[in-house]
Amino acid sequence: MDSKLRRMAILSSMGVILLVSLLVLYTNRPPENRGNGRVPQTTKEPASGEGEDGAEEEGGKPYGQIGDDLSAFLKDPAFFDQEINPVLEAARENASRLSLVVTSVEKDLRIQIVNTKGEPVTGESFFVKLDGMGEYKDLDKDGIIYIGGLAAGEYYVELMPAEGYRVPANETRVRVKDKVEYVAIDDISLLIMTEEEIDPEAEDTGVADALEDADKTEIMQFQKSTSNSRVGIDVSKWNGEIDWDRVQNAGVEFAIIRAGYRGSVTGALVEDPCFTMNMRGAAASGVPVGVYFFTQAVNEVEAVEEASAVLQLIREYDLEFPVFIDTEGAGGNGRADSLDVETRTRVCEAFCRTITNAGYDAGVYGSRNWYNHYLHAGQLEQYCIWLAEYRSAPLYQGYYQMWQYTSKGSIDGIEGNVDMNVSYLPWTDR
């Protein structure tokens, strides 16, 4: 082969090798440089009509997901446009969706307007329509409409349209009860409030009537138990933080703990702010407990509400002593202070029947004066009678199973005065 042909062969071989090398380089180049629709990352400023990531704005390529960059939506301003984003729009609609919770105790309806979390919606004047009865307004904007004086039977309740909310498309059917059934109200938790939601100074105004009847023989020392009696205390928020280990070591054999009260002015159902702390503290220290609730119920319906509230509050705890309704005055201006004897007695019985129907022991707390003049005590003796009389020996002539003998006692683990009691209830060794 002459030299000319040899040179041509060499050049041809080199060209083939170069072409193969270019093909190999092209095939193995980094993924971000392939023509797969990804936008190369550069440091250049975005051109007019492009977003910060180089993707074109409205009118060019649409915003959206870019390959495996899962945070790309953060660079998409349209994602957060609630007018066009279906995810956020659906969330907004769900947040504004309302429903009704309707309960009847006796010839009445309590209608609660709740959100998707089951919480009453406050601050709005909602209207409901009751078939054949007209419309009713939530005047105090608390998310609850109460309708009394209804005939027993079935009714249909409709929540009227409200701006900014999605109301149920269908009516709610409910049966109005003819008589109180003394069973716990399932949705009572919606009505239980904390002291942060009310004015405690105006609402928690119970006055111990037994103080007026006390004499100089009042026993203030902690008594000793006997073969047929046990000694204990009753406590509430007024006793502050309690060292239950010290209380138990001091010889306290039981405690009656206040679960809550009904407000003297508004009638709100309020949990005692120290209830949970006291129940857990007593349980941890091995002190048997019962509970009490200060009533301001003005009828049997409200008594069932109060009992239902207590049953809701004690559902997590074990009780070895009864659930008491505390009936006493509220300074003369309480909503229940002027009840007649018959009504007050029915209130106590309705509370106790609701408690016993739920499987607990029930009782009534009152002073000697209260039992003698403001209650038909004989009608309540099937329940545990807890007498408050501050003297060396009670003058009360009726039956009782517990005696609160002083409100001025002192016990290690509690600062200040504490109520002290003797229980004559049957005792079971634990």
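Here is a friendly round of questions and answers about this predicted model.

Me: Let's start broadly. How many helices and strands does the protein chain have?
Reply: Happy to begin there. Of the 430 residues of the protein chain, 42% count as buried. As for secondary structure, the protein chain has nine helices and 17 strands.

Me: Which share of the contacts between residues at least 6 apart in sequence joins residues at least 24 apart?
Reply: The count takes in contacts in the protein chain between residues at least 6 apart in sequence. Those that join residues at least 24 apart make up 62%.

Me: Now to strand β12, residues 289–294. Is it largely enclosed or open, and why?
Reply: Take the two faces in turn. Val 289, Val 291 and Phe 293 are buried on one side, and Gly 290, Tyr 292 and Phe 294 are buried on the other. That makes six of six residues buried, so the rest of the structure leaves β12 largely enclosed.

Me: Which strands pair with β12, and in which sense, parallel or antiparallel?
Reply: One partner is β10 (residues 255–262), joined to β12 by six bridges; here Ala 255 has Val 289 as its bridge partner. Another is β13 (residues 323–326), with four bridges, and Val 291 of β12 is matched there with Val 323. So to name them with their sense: β10 is parallel to β12, and β13 is parallel to β12 as well.

Me: What is the handedness of the β-α-β unit that β12 and β13 make with a helix?
Reply: The helix in this unit is α7, residues 300–313. It is mostly covered, with 13 of its 14 residues buried. Together, β12, α7 and β13 form a unit that is right-handed.

Me: How far apart are the end C-alpha atoms of α7, and what span is expected?
Reply: At the start of this helix, a side-chain oxygen of Asn 299 comes to within 3.2 Å of the backbone nitrogen of Val 301. For the length, 14 residues at 1.5 Å a residue should span 20 Å. The model agrees, because the end C-alpha atoms of α7 are apart by 20 Å.

Me: Which residue caps the N-terminal end of α8?
Reply: Helix α8 covers residues 341–357, and its 17 residues should span 24 Å, which agrees with end C-alpha atoms 24 Å apart. At its N-terminal end, a side-chain oxygen lies 3.1 Å from the backbone nitrogen of Glu 342. The residue that supplies this oxygen is Asp 340.

Me: Which elements do the buried residues of α8 pack against?
Reply: The buried residues of α8 include Val 347, Ala 350, Phe 351 and Ile 355. An α-helix has 3.6 residues a turn, so residues three or four places apart point the same way. The elements that the buried residues of α8 pack against are β12, α7, β13, β14 and α9.

Me: What is the strand order in the open sheet of three strands, and which strands are at its edges?
Reply: The pairing in this sheet is antiparallel, in the order β1-β2-β5. The twist averages 20° from one strand to the next. Five bridges join β2 (residues 108–114) to β5, with Asp 108 partnered by Gly 148. Since each pairs on one side only, the edge strands are β1 and β5.

Me: What phi values do Lys 107 and Lys 141 take?
Reply: Most residues other than glycine have a negative phi. Lys 107 sits in the loop between β1 and β2, and Lys 141 in the loop between β4 and β5. Both are positive in phi: Lys 107 is near 50°, and Lys 141 is about 55°.

Me: Are those two lysines buried, exposed or partly exposed?
Reply: Partly exposed covers what lies between under 20% and over 50% relative accessible area. Lys 107 has 36% relative accessibility, so it counts as partly exposed. With 39%, Lys 141 likewise counts as partly exposed.

Me: Last one: which side chain makes a polar contact with the side chain of Ser 285?
Reply: Ser 285 lies in helix α6 and is buried, with a relative accessible area of 14%. Leaving aside neighbours within four places in sequence, Ser 285 is in contact with Trp 244, Asp 245 and Gln 248. The polar contact, at 2.6 Å, is with the side chain of Asp 245.

How values were computed: Residues are numbered from 1 along each chain as its sequence is written. This is a predicted model: local features need pLDDT of at least 70, side-chain atom pairs count only at pLDDT 80 or more; totals for chains, interfaces and linings use all residues. Side-chain values use heavy atoms; hydrogens and water are left out. Buried means under 20% relative accessible area, exposed over 50%, partly exposed in between (1.4 Å probe, protein chains only). Helices (H or I, at least four residues) and strands (E, at least two) are DSSP runs, numbered from the N terminus. Two strands pair if DSSP finds at least two bridges between them. A crossover is right-handed if, with the strands pointing away from the viewer, the path from the first strand over the helix to the second runs clockwise. Axes are lines fitted to C-alpha atoms, for helices over the stretch in contact, and angles run from 0 to 180 degrees between N-to-C directions. The expected span of a helix is 1.5 Å times one less than its number of residues. Contact means heavy atoms within 4.5 Å. A polar contact is a pair of N or O atoms within 3.5 Å; within protein, one must be able to donate a hydrogen and the other to accept it, and residues adjacent in sequence count only if both atoms are side-chain atoms.
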